[in-house]
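Student: I would like to examine how the descriptive terms applied to a model follow from their definitions. Could we proceed term by term?

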Amino acid sequence: MTKKIKKLVIPAAGFGTRFLPATKALAKEMLPIINIPAIQYIVEEAIDSGIEDIIIIVSSQKNSIVDYFDHSYELEELLVSKNKVKEFELVKHISNIANIFFVRQKKANGLGDAIRYAKQFVNNEPFAVILGDDLVFQNKKGDKPALLQCIEAYNKYNSSIIGVQKVKKTDVSKYGIIKPKTNSFKNNEIEISDLVEKPSIDQAPSNYAILGRYVLTNDIFDALEHTKFDKSGEIQLTNALKLLLKNNKKIYAKEFKGDRFDIGTKVGYLKATLYRTFKEPDLKSEIKDFIKKELK
């Protein structure tokens, strides 16, 4: 019987060096997309996908994430005293948004190592993972969140699922790339035969990139324990997944629908901000006029 996916792991312990000096004091996951921190979009995607419990893997430098989801009693009292009802409800909503837990990764030893810290939390159940710097927005109201699309694929196959999208061939060296077992997807799903981390154009087995959405079976933890550190001194999730494939475990790719932004890069972050700006009627017109002026 397929177990329901109720738990989510968000690895968010990276230093965010591309955004220094801002990330010296502020977690990159807390960088605002207009007025909402990036990590809140991820949490809301999880809730809309049926997730009940969330654990965020942080480092000692990521107190801003912990503080953000905590109650802010002084601020709440101030807003009430000034009759700022809308602002009060907004702040209150954040602290009650979900069952959120935190654990600290003692040392930045890679994505795979970060996920190992969630073993006790997931308690022998399958679970989902969303990377803290990958945002996926849906164009139309009612469209399924990217994570939910992956969860539904898991419910079908009862196997680990990796969320993917096509990227330009010139960009394959930036991502982990899947090697499909057959030549064609069926219902945007396909079995994987191998994974290649950041291949060159001529060595890439496809142009389907792994893009920050996973549903994993519990045997990933045993694979992580048997995964060696790579040349950079990190334990990579991709290598653990490759080990599962070698042990004849089936893994499927789900080509999810949605507009995805890598906010771990400056260009991706700016694109995500503009994308959300153009969805705001009170901002769209003025910003479009500003951009036209600057482009002249």
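Student: How do you know what classes of residue make up the lining of the second largest pocket?

Tutor: Nonpolar covers Ala, Val, Leu, Ile, Met, Phe, Trp, Tyr, Cys and Pro, charged covers Asp, Glu, Lys and Arg, and polar covers the others, Gly among them. By that scheme the lining of the second largest pocket has nine nonpolar, three polar and nine charged residues. The model is predicted: local features need pLDDT of at least 70 and side-chain atom pairs count only at pLDDT 80 or more, while totals for chains, interfaces and linings use all residues. Residues are numbered from 1 along each chain as its sequence is written, and side-chain values use heavy atoms, with hydrogens and water left out.

Student: What makes a residue part of a pocket lining?

Tutor: On a 1 Å grid over the protein atoms alone, a pocket is an open set of points where a 1.4 Å probe fits, with protein on both sides within 12 Å along at least five of seven lines; lining residues have an atom within 4 Å of a point. The largest pocket has a volume of about 1600 Å³, the volume being the space filled by probe spheres set on the points, which are joined across faces, edges and corners. Its lining has 46 residues, and Arg18, Leu131, Asp133, Lys174 and Asp262 are the closest to the centre.

Student: Why is the contact between Asp133 and Lys28 called a salt bridge?

Tutor: The term requires a side-chain nitrogen of Lys or Arg within 4 Å of a carboxyl oxygen of Asp or Glu. The N to O distance between Asp133 and Lys28 is 3.0 Å, so the pair satisfies the definition. Asp133 lies in the loop between strands E6 and E7 and Lys28 in the loop between E1 and E2, so the bridge ties together parts 105 residues apart in sequence. (Strands, E, of at least two residues and helices, H or I, of at least four are DSSP runs, numbered from the N terminus.)

Student: Why is Glu76 called buried, and what is Lys92 called?

Tutor: Buried means under 20% relative accessible area, exposed over 50%, and partly exposed in between, with a 1.4 Å probe and protein chains only. Glu76, at 5%, is therefore buried, whereas Lys92, at 28%, is partly exposed. Their side chains meet in a salt bridge with an N to O distance of 3.7 Å.

Student: How are Asp194 and Lys242 classed?

Tutor: Asp194 has 25% relative accessibility and so counts as partly exposed; Lys242, at 21%, is partly exposed as well. Their salt bridge is 2.9 Å, N to O.
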